Amino acid sequence: MRVDRLWLTDFRSYTSAELAPAPEGLTVVVGANGEGKTNLLEAVGYLATLSSFRGAPDDALVRLGTAQAVVRAEGERDGRSLLLEAEINAVGRNRVFVNRQPLKRARDLLGALRVTVFSPDDLALVKGGPAERRRYLDDTLVALHPRFDALRGDVERILRQRTTLLKQAGGRLTPEVAATLDVWDAKLASAGTALTEARVELVGKLEPVVAKSYDQVAHAAADVSMTLVRSWDGLLTEALAASRADDLRRGVTTVGPHRDDVALAVGGLPGRTHASQGEQRSLALALQLAAHAVVTEATGTTPVLLLDDVFSELDPDRSDALLAHLPVGQAILTTAGVVPASASVALTVRVAGGRLS
């Protein structure tokens, strides 16, 4: 899987731009801060997921003063040519085309182009709240198979409906509210259990790869573990029934897959609170490397690596270790500084004044 050429029109800071990354190995994009290096990676990521890995809304991707941004890429997947085009509108619906055919549902795009993103924000996987780790697991599941996007969407929809009902009930369990809650509880128990079971299975696949990747990046062997922590014991149907009174009082759903977390430990101690800054950065890198490896093995296609300014947060030893253990395939890296001497660079592109050279 690779991107051969990327075109941008009125995307973020670019009036127009064209990038032809090296088909294999490392393409380095160099430029001062604020020149738009990350915007290039964001555009590639958008064509893979129809969302910004920086969490920006679609209207923020359209260059100020214009109504529409266009992102277009030619590439290859499984030996076949791939053309992806996205028209992002500041107001109104977007349009996406795959090999010149309009996309009817965003979900139909999943798997056409896969990417793995490395960025300084990855530290939130270790230091941040449970939502960051749930998102990491769910994004990896979706990369493994598009059906998990539908499952995640079902869980989110059911939770919204159940929460709306709880708020409307105002703490009163009338027969009508009880009957409707029974319906949503059954749906949440089914979809929520399926999602959590998929997360548990994924964590089982990731854990040994995370441990191996951590040892490589940290240059030191350590006992690294990861465990999915559920918010309930036993059956989810029973947990929802037991928490119903509390849910009604608080107006929220207190148990379910939206309360899952991943416990990360280094040397038997919680990574979030006891690991050093260097250990936390090594663990964050190991998580992304592991997800990339698991997706590659399961799908038979290698995602494009997008590395956003990762060296700014790593010491020289960890930078060299990351470079030494980068997976094979296409990688695009941005930096405002000097690329470590250990990097094997296939192509260097410079960004200045909104232009690539």
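Which side chain meets that of Arg 12 in a salt bridge? In this predicted model, the partner turns out to be Glu 42, with 2.9 Å from N to O. Arg 12 sits in the loop between E1 and E2, while Glu 42 belongs to helix H1 (residues 37–49), so this contact ties together parts that are 30 residues apart in sequence. The two ends of the pair sit in rather unlike surroundings. Arg 12 has a relative accessible area of 22% and is partly exposed, whereas Glu 42 comes out at 0% and counts as buried, because buried means under 20%.

That pair has plenty of company: searching the whole structure turns up 25 salt bridges. One of them links Arg 5 and Glu 18, whose closest N and O atoms are 2.6 Å apart. Here the link runs between two strands, Arg 5 being in E1 (residues 2–11) and Glu 18 in E2 (residues 14–19), so it ties together parts that are 13 residues apart in sequence. Arg 5 is partly exposed at 31% relative accessibility, and Glu 18 is also partly exposed, at 41%.

Then there's the salt bridge between Arg 77 and Asp 78, with 3.0 Å between the closest N and O atoms. Asp 78 has a relative accessible area of 48%, which makes it partly exposed; Arg 77, at 25%, counts as partly exposed too. Salt bridges can also link up by sharing partners, and that is how Arg 162, Asp 182, Asp 185, Arg 244 and Asp 247 end up joined into one network.

Key
Residues are numbered from 1 along each chain as its sequence is written. This is a predicted model: local features need pLDDT of at least 70, side-chain atom pairs count only at pLDDT 80 or more; totals for chains, interfaces and linings use all residues. Side-chain values use heavy atoms; hydrogens and water are left out. A salt bridge is a side-chain nitrogen of Lys or Arg within 4 Å of a carboxyl oxygen of Asp or Glu. Helices (H or I, at least four residues) and strands (E, at least two) are DSSP runs, numbered from the N terminus. Buried means under 20% relative accessible area, exposed over 50%, partly exposed in between (1.4 Å probe, protein chains only).
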